[in-house]
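Here's a quick rundown of the charged side-chain pairs. Have the structure open as you go.

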Amino acid sequence: MLISADKLHGMLGDPGLVIIDARSYKDYSQAHIPGSVNLDLFAFHWADTTPEGIRGFGRQAAMVLSFAGVSEKNRVVFYDDVSGMLAARGVWMSRYLSHPDASMLDGGMKKWQAEGLAVESGTNPSCPAKFSGNPDPGIIAGYEHVRDNLDELVIIDARTGAEYDGTTVRAARAGHIPGAINIDWSLNLNPDGTLKPDSELQDLYKFRKDAKIVTYCQGAYRAANAYLALKKAGFENVRVYLGSWGEWGNLDLPVSRD
């Protein structure tokens, strides 16, 4: 689910390649990878993980990606400033809809520009496509799944320590999901913005490879980055709790501040 700057550079102009800049339009318009289109994924929050809510997320995710030009027939690469939460969210969304070839530019714009690769300014129009997708329930979790399996899951809280312990309040209630382990998503990254090598990620996530893992944060962006890091490190059974704390902290669900 990762692609290097050098490899992507060699693919520029290939038919069937869709490059999506998941940053803000302001950042995109100032400098972006040649040929890329802008899709600010930070605007796509979702905080209803009832069964109907998750179905609605799948429908809207397919519409958003289709608008950006994604279909089952092309290769799609997402990027942001680094190997960050926005590009990871795009890859995870695509994988949730069973896209066969979605990846993240490892190191993002920081790595691209550090290697002296070309950029352009302005705007490239998207070429909308049709991407209906086939939702994969094995990589998404709703609040009911988390609530009903607290004792069986390894729950990773990808937020900051202050959000985890309740010092920073971003919902009706402060704290974390009971039993959750706090591993700030930023620990997944090297100083150059790339994801750490597998050995270092395995040292960070000291769990059995067959563990049932759920990641969450505030809105499932940092959690998506943790998902990619865990998959890179060889963990197979990983889900993202879509509603994350933005949903859990506002519902009548158990909360811990220990």
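Glu52 sits at 42% relative accessibility, so this residue counts as partly exposed. Its side chain pairs with Arg59 in a salt bridge, 3.1 Å from N to O. Keep in mind that this is a predicted model, and that the Glu52 and Arg59 contact belongs to a set of 14 salt bridges in the structure.

**Arg59 and Glu52**
- Arg59 has a relative accessibility of 48%, which puts this residue in the partly exposed class because exposed starts over 50%.
- Glu52, at 42%, is partly exposed as well.

**Lys111 and Glu115**
- Another salt bridge brings the side chains of Lys111 and Glu115 together, at 3.5 Å from N to O.
- Lys111 comes out at 22% relative accessibility, so it is partly exposed rather than buried, given that buried means under 20%.
- Glu115 is partly exposed too, with 31%.

**The network around Arg23**
- Elsewhere, salt bridges with shared partners tie Asp21, Arg23 and Asp81 into one network.
- Within it, the Arg23 and Asp81 side chains meet at 3.6 Å, N to O.
- That pair links distant parts of the chain, with the two positions 58 residues apart in numbering: Arg23 lies in the loop between strand S2 (17-21) and helix H2 (25-30), while Asp81 lies in the loop between strand S4 (75-79) and helix H4 (85-96).
- Buried or partly exposed: which is Arg23? Arg23 has just 6% relative accessibility, so it counts as buried.
- Asp81, on the other hand, is partly exposed, with a relative accessible area of 40%.

Technical notes. Residues numbered from 1 in each chain as written. Predicted model: local features only at pLDDT ≥ 70, side-chain atom pairs only at ≥ 80, totals over all residues. Heavy atoms only, no water. Salt bridge = Lys/Arg side-chain N within 4 Å of Asp/Glu carboxyl O. Helix = DSSP H or I, 4+ residues; strand = E, 2+ residues; numbered from the N terminus. Buried < 20%, exposed > 50% of the residue type's maximum accessible area, 1.4 Å probe, protein only.
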